[in-house]
Amino acid sequence: MESIGTLNPSMEFDNSQEGELEPLIQIQPRECDLDQPIAVDPLHHDSIAVLLANQPEDCPVSGEGRELVAAAAVEMEAVAEVACGDLHEPAMGMEFDSPDAARAFYSGYAERVGFRIRNSKSFTSRVDDTVIMRRFVCSKQGRPTKKDPFDLTKKRRNRTSSREGCNAMLQVNRRENGRWAISRCVLDHCHPLGVITKQSPAVQKKLAKKPWELLVSPATEPQQSGLGPGGGVAQSLLEYFKRMQAENPAFFYAIQVDRNNCVSNVFWADARARMAYSYFGDAVVFDMTCKKNKRMVPFATFTGFNHHRQLIVFGCAFMTDESEASFTWLFETWLGLMSGRRPVSFITAYNESMAVAASKVFLNVRHRFCKRDIFGKCKDKLSGVYLIHPSFKAEFKKCVNECESVEEFDSCWRSLIDRYNLEDNMWMQALYAIQQKWIPLFFRGTFFGEFFGTPKLETMHKFFQRHSITTTTLRDLVSQFDKAMAGQYEKELQSDFDANHTRPVLRTPSPMEKQASEVYTKSIFDLFQEEFAGSSGFLKEKVADGVEYMYRVTKIEDDSKAYMVTYNASNKHITCSCFMFEFSGVLCRHVLGVLIVVNVLTLPDDYILRRWTKNAKSNGLSCEDRGLCQRNSRKALAWRCNDLCRDAIKFAEEGATSAVIYKVAKGALQKAFAEVLATKKGSFFNRPGR
């Protein structure tokens, strides 16, 4: 990359771990070949990506592969018969493999008859938020919107509307077998049908491009979509960011460009993202699941979860270049914005470029690959094994999730490999080589905030589906995403209100359960309550006495698996071999049972993780923070400045909600500022030690 354009509010960040940071983030350019457009790095050998599309024509396919290819050919011929054969019209009950296949069929029918179609409504399941209904309508469906001719504040183009109230439509619903069937179909139109005119080659080429492909154009093409003359998609996005920064000076964005002055990567974050990170930045996920949809923009987010286990976002990016250098730039930019405060744990997809970049930027941070992402890749890499051996999937997940010692895991893995003849499977060999990066056994002692056996946390791909965020233009996508996140913040506020004004139902008269109900949020208390109730189903046998007590904890009905709990009565330090508290932040049922045995009736303060409590977002300072606040070093000055900025952002958000509140807030701020100046001029400020 030749140059980096970075715009940020004039704020100095405090790096408490690596010394002082400069007020502005200095980002090194990345080299780029002038003769070639920016391209995504090819997949590395360790991801073992096999692309059948790149199979040479003279390369023979034998065995199971030939059968799969033949089956795919038969299926494509069947689809062709549906599209071009005797079934010219849609009919009730027709089935398709996916909603995209149904749309393609309806689009082909519309082209033959003489009209255009567009997407309309879609419904999602209340159970898992997946799409269960899609509707496609004639392009002339609906009525033109009524416009106020006297509203001169809005710029409008003088063009006639194509809407004529046509009712023609096709609706498909997902069945229990996973296929999509036509449930509603209207073929009659209220307007004449005719031959659809073909677009010019230039228009067809533009429509064939995905929105993000307009960010980067080859060096041989005119630069109409970069940051130079002509603007294009990238310029529109930058104008939106400038307007956001003008409205909120704490809004931050950074641009990475190549030598052709074309946008390569974009990063942005608002004040709420930075504030959320100050509360819940201990466990971070770099989420690029939007890439599951081939038409989805390469949208990446730094995400986490709040004290209600709800999705929160710490920053966003558009990634058109997925090289190691680009990920390094993005991680450094994001970390600098967060004052250099590194998370405890960091999760990414199984990608070598991400892993190398994370190891360079996130020093002393426990990085691992997303287990869900690896299992998703297994569906493709081990599709033949899944098909031939239906029991393999369950045994494979059990081996990954339930082994509690290295010896147990190695034994279970070897047994799995031998039973299903996978000794020469390259994918399984690669997964075993990176076992410490994704097998839960190897990182149980690090906080990730996850709970086994609970519903999975929402990914950004699911978030986009739930909010029906479409990929029109990049600026519109950012705007839609901001609106969806505003709803997410309202959901968090509602959960805060419910936690402070409602009391959960207790199952026992135990003071420990009552204490937990008063400090934890509802979602975390529900998890604690399950552990507390489950503690009664275990036997506790003391196996060591002295300064530290050691207990062997086993299930009443099955004593084959034992957990070792160690308790120090002098400092009330307690640990369990399952490491649930270290991994999730809530005490396990084995520890809770032992605490009752040793007559500890309330939770020790050290084992109530603040980030799971109702007061997780309060402004109380730790002892270390209070000590830092009293010093006059440059580091302490930067810390105090950042702390005041966080409070000022919260003050501004609340004070701008209405004209009346704004007037009160403005007066209070001016009064406070006058008091600060008066104090600064007084002798109190100049006393030694102040």
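Accessible areas, as used here, come from the Shrake-Rupley method with a 1.4 Å probe, and for residues only the protein chains shown count as cover. The model is predicted, so local features need pLDDT of at least 70 and side-chain atom pairs count only at pLDDT 80 or more, whereas totals for chains, interfaces and linings use all residues. Residues are numbered from 1 along each chain as its sequence is written, and side-chain values use heavy atoms, with hydrogens and water left out.

**Exercise 1. State how much area the protein exposes and what share of its residues is buried.**

Step 1: The exposed area is about 38,600 Å², and 54% of that area is supplied by carbon and sulfur atoms.

Step 2: Of the 690 residues, 40% are buried, where buried means under 20% relative accessible area (1.4 Å probe, protein chains only).

**Exercise 2. Describe the surroundings of strand 11, and find the partners of Val285.**

Step 1: Strands are DSSP runs of E with at least two residues, numbered from the N terminus, and strand 11 covers residues 283-287.

Step 2: Because 4 of its 5 residues are buried, strand 11 is largely enclosed by the rest of the structure.

Step 3: Two strands pair if DSSP finds at least two bridges between them; strand 11 pairs in the parallel sense with strand 14 (residues 345-348) over 3 bridges, and 3 bridges also join strand 11 to strand 12 (residues 299-305), in an antiparallel arrangement.

Step 4: The bridge partner of Val285 in strand 14 is Ile347, while in strand 12 Val285 stands opposite Thr303.

Methods: Buried means under 20% relative accessible area, exposed over 50%, partly exposed in between (1.4 Å probe, protein chains only).
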